[in-house]
Amino acid sequence: MALSSVNRFCGWLIVLIFFAGCSVDEAEKIPTSHRNDLVLGASARDYLSDEKFTSLQVEVVYVTGFEPTSEAIGSLKTFLNKYINKPNGISIITRAIPSPNMGTYAIEEIVELEKSERTVFSNGEKLGTFIFFADEKSTDSDEQRRVIGKAYRNTSMVIFDKEIRDMSNSGTRGEIQTTALHHEFGHLFGLVNNGTPAQSPHEDSDSKKKAHCDVEGCLMNAEIEFGTSPFSFLENGQQILDFDDQCKLDLKANGGK
Ligand SMILES: [Zn+2]
Ligand SMILES: [Zn+2]
């Protein structure tokens, strides 16, 4: 073999070894914007604007007996249409599963459950979202701090419907589910200052309430997610909470409506 051929052979060998050594992980082939394993708030602009995604598909997986009410699903659709730009439509599909019988849920367990149950992913110009309606409470929940939901990744959230059932009656369950869903979507939208920059200072200064709004009565107030009496607004006859003006301005500034 001539020297140059040997060199070329070695070159190919090195290239082959290089590729074999770097077996490309499946997840790394997916463009960043289409991944579902990013931190909360990472897809904020992808939700709000239509720059990369022109439609949204939401998959709700619920444990039998812990279904979202039709009121909550209808209201969620109206809410999403109000705040995000998805000219090719917003759809919500629901699916029941038997109880995983896992007891109270830690977020790591929800992440594992999502891996086996999620079927809707971002694809082309469609943004996918996963919502799990849980039949047990959060491991973080107690009498002083009732956790009704948690957005835990860029396109994923859990609603602790067992908690909602325990704190509501048949008349208020749909309203609490609605509020929980809207609040957690606020987190997927990057509020407050967690993916969507705050246009004015209104993030709660309490470090335990990071990414929440300091305006009392705003949908993104921390009391909604884990307050001592998060639903006092229902007693005041207020039906459904909404974002205050500062949160609305942040959403618009990051591509929302
Ligand atoms: Zn929250
Ligand atoms: Zn606010």
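What follows is a working chat about a predicted model, covering its zinc site, salt bridges, helix faces and some backbone details.

Q: Which residues hold the zinc ion (ligand 2)?
A: In this predicted model, the protein donors of the zinc ion (ligand 2) are Cys213 (SG), Cys218 (SG), Asp244 (OD) and Cys247 (SG), and they lie 2.0 to 2.3 Å from the ion.

Q: And what is the geometry of the site of the zinc ion (ligand 2)?
A: The site of the zinc ion (ligand 2) is tetrahedral, with angles of 96 to 120° among its four donor atoms.

Q: What spacing do the donors follow along the chain?
A: The donors of the zinc ion (ligand 2) follow the spacing C-x4-C-x25-D-x2-C. Within that set, Cys213 and Asp244 link distant parts of the chain, 31 residues apart: Cys213 sits in the loop between helix 7 (173-188) and helix 8 (222-226), while Asp244 sits in the loop between helix 9 (232-235) and helix 10 (245-253).

Q: Are Cys213 and Asp244 buried or exposed?
A: Both Cys213 and Asp244 are buried.

Q: Let's stay with helix 10 for a moment. Which residues are buried there?
A: In helix 10 the buried residues are Cys247, Asp250 and Leu251. These residues lie on the same side of helix 10, because they cover an arc of only 100° around the axis.

Q: What covers the buried residues of helix 10, and what does the face turned away carry?
A: The cover over the buried residues of helix 10 includes helix 3 and helix 4 (70-83), whereas the face turned away from the buried side carries the exposed residues Asp245 and Lys252. Just after helix 10 comes Gly255, which takes a positive phi of about 100°.

Q: Which residues is Ser49 in contact with, leaving aside its neighbours within four places in sequence?
A: With those neighbours left aside, Ser49 is in contact with Asn85, Lys86 and Gly255. Ser49 itself is found in the loop between helix 3 (44-48) and strand 1 (55-63), and it counts as buried because its relative accessibility is 4%. Its side chain also reaches the backbone nitrogen of Glu51, at 3.3 Å.

Q: Switching to charges: how many salt bridges does a search of the whole structure find?
A: The search of the whole structure finds 14 salt bridges. One of them joins the side chains of Glu117 and Arg95, at 3.6 Å from N to O. That pair links distant parts of the chain, with Glu117 in helix 5 (residues 107-117) and Arg95 in strand 2 (residues 90-97), 22 residues apart.

Q: Which residue does Glu112 form a salt bridge with?
A: Glu112 forms a salt bridge with Lys115, the closest N and O atoms being 3.1 Å apart. Both residues lie in helix 5, three residues apart, about one turn of the helix. Glu112 is partly exposed, with a relative accessible area of 45%, and Lys115 counts as exposed at 56% relative accessibility.

Q: What about the other face of that helix, which residues are buried in helix 5?
A: The buried residues of helix 5 are Ile110, Val111, Leu113 and Glu114; they cover an arc of only 165° around the axis, so they lie on the same side of helix 5. They pack against strand 3, strand 4 and strand 5 (156-159). The face turned away from that buried side carries the exposed residues Glu108, Lys115 and Ser116.

Q: Back to salt bridges, where do Glu163 and Lys137 lie?
A: The side chains of Glu163 and Lys137 meet in a salt bridge at 3.6 Å, N to O. Glu163 lies in helix 6 (residues 161-167) and Lys137 in the loop between strand 3 (126-133) and strand 4 (149-153), so the pair ties together parts that are 26 residues apart in sequence. Glu163 is buried, with a relative accessible area of 1%, whereas Lys137 is partly exposed, with a relative accessible area of 22%. Salt bridges that share partners join Lys137, Glu143, Arg146, Glu163 and Asp166 into one network.

Q: Last topic, the backbone: which peptide bond is cis?
A: The peptide bond from Leu191 to Val192 is cis, with omega near -20°, and Val192 lies in the loop between helix 7 and helix 8. Asn193, also found in the loop between helix 7 and helix 8, has a positive phi near 65° although it is a residue other than glycine.

Q: Is Ala211 buried or exposed?
A: Ala211 is buried, with a relative accessible area of 7%. It has a positive phi of about 70° although it is not a glycine, and Ala211 is found in the loop between helix 7 and helix 8.

Key: Residues numbered from 1 in each chain as written. Chains lettered and ligands numbered in written order. Predicted model: local features only at pLDDT ≥ 70, side-chain atom pairs only at ≥ 80, totals over all residues. Heavy atoms only, no water. Donors = N, O, S within 2.8 Å, 3.2 Å for Na, K, Ca; no water. Tetrahedral: all angles 85-135°; square planar, octahedral: opposite > 155°, others 65-115°. Helix = DSSP H or I, 4+ residues; strand = E, 2+ residues; numbered from the N terminus. Buried < 20%, exposed > 50% of the residue type's maximum accessible area, 1.4 Å probe, protein only. Polar contact = N/O pair within 3.5 Å; in protein donor to acceptor, adjacent residues only side chain to side chain. Contact = heavy atoms within 4.5 Å. Salt bridge = Lys/Arg side-chain N within 4 Å of Asp/Glu carboxyl O. Arc of directions from axis to C-beta.
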